[in-house]
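Biologist: I am new to this structure and would like a close look at a single part of it, namely its cysteines. Please take me through them slowly, one pair after another.

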Amino acid sequence: MNFRRIFLIKCLLLLFPSVKCSSTSWIYKAVNETALLGITVPGSIYEATWWRGGQRLVQVKDNKTKHFANKEQCRCAILRNGTLQIQRVEKEDSGNYMVMVYQQDGKLKAEENIMFFVQEPVPQPILIAECRNKSVSVKCEAKQKAKDEVFTIQLTQPNGKKIQKNATMLEWHGWNSGTFRCVAKNQVSEKMAEKVINCSGKMDFYLILSIAGGAVFFVIFVICLIYCIRRKKTKRNEIYDEERAMQTLPMDREREMRELPPAPSKPTPKQLRVQQRPLPPQPQEPQQPRPQPRPRAQPRTPNPPRQRP
């Protein structure tokens, strides 16, 4: 919002009161109430005339009032500040009202239009809620008195969700149990009805779903827990085996070093004396005579050759 521009316009209105202003506003009233149609012209009012649909109603001039319409039928009066007062308003009083403000020299100072609406108060809504096949059926209804009446039906569910419609009846079907609120309203009045309904079937259904969901969640949790424990145990065993292998390797090397034969060292003088001492004589076995060669047999005389016959 540009505050500088608004401030400039107000200054111009104060400096130049002869500037003509025209504006339109809307006013709603209920039947049999008193309506006050005011004007927004600053300063005192010398002359103001109210019109409705091209017909003059009442005028104030130099603090003197003059009626142009039947006072009993109009049920209207004008105050010194130019405000139009209508008592016991009826639906026939609805329409476009216009006021014209003049200065003392006869120049038009301001002109304003007011859209005035008279409405009947909304009827008391009727809320019907019942359980059907383990579900909730809700009906919000406000009986209409006249055809030209317009009001809004609003249904609030237990979860806070609102359904609004410009009609006289609203129906809803669902699974939400709890407090339902039915509101009928228009520009001049608002009435409400509440009802609490709990469907056991719905509660059992949600209870079963909750138990099933909890069981599934518990099974998944147990499986994940077992998996994590086994994985952690396997990892711990792997680390233990690696550490054990690292500890066993130097022990094996040390054992191998111990099992190697010692390197020959320089003999001591005592060992030299033992080595130089002669061995005791060993008993000799009697030698057996060597076998003599057998004499050769005498040579065999060859047979004489046979003659052929």
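Modeller: Please keep in mind from the start that this is a predicted model, and that the values I give are computed from it. As a setting for the cysteines, the protein is built with four helices and 16 strands, and 24% of its 309 residues count as buried. Among the contacts with a separation of 6 or more, 56% are between residues 24 or more positions apart.

Turning to the cysteines themselves, a disulfide is a covalent bond between the sulfur atoms of two cysteines. The structure holds two disulfides, and they can be taken in order along the chain.

One of them joins Cys74 to Cys76, with a distance of 1.7 Å from S to S. The torsion about this S-S bond is 110°, and the link between Cys74 and Cys76 is right-handed. As for their surroundings, Cys74 has a relative accessible area of 12% and is therefore buried, while Cys76, with a relative accessibility of 3%, also counts as buried.

The other disulfide is formed by Cys140 and Cys182, whose sulfur atoms lie 1.5 Å apart. This pair links distant parts of the chain, since Cys140 belongs to strand β11 (residues 135-141) and Cys182 to strand β15 (residues 178-185), with the two positions 42 residues apart in the count along the chain. About the S-S bond of Cys140 and Cys182 the torsion is about 40°, so this disulfide is right-handed. Cys140 and Cys182 are both buried.

There remains the matter of Cys224 and Cys228, and here the question is why Cys224 has no bond to the closest cysteine sulfur. That closest sulfur is in Cys228, and because it is 6.4 Å from the sulfur of Cys224, it is too far for a bond; a disulfide is counted when the two sulfur atoms are within 2.5 Å. Seen from the other side, Cys228 is in no disulfide, and its nearest cysteine sulfur is that of Cys224, 6.4 Å away.

The accessibility of these two residues can be read in the same careful way. Cys224 has a relative accessible area of 41%, so it is partly exposed, and Cys228, at 47% relative accessibility, therefore counts as partly exposed as well. To draw the picture together, Cys140 and Cys182 are joined and buried, whereas Cys228 is in no disulfide and is partly exposed.

Conventions. Residues numbered from 1 in each chain as written. Predicted model: local features only at pLDDT ≥ 70, side-chain atom pairs only at ≥ 80, totals over all residues. Heavy atoms only, no water. Buried < 20%, exposed > 50% of the residue type's maximum accessible area, 1.4 Å probe, protein only. Contact = heavy atoms within 4.5 Å.
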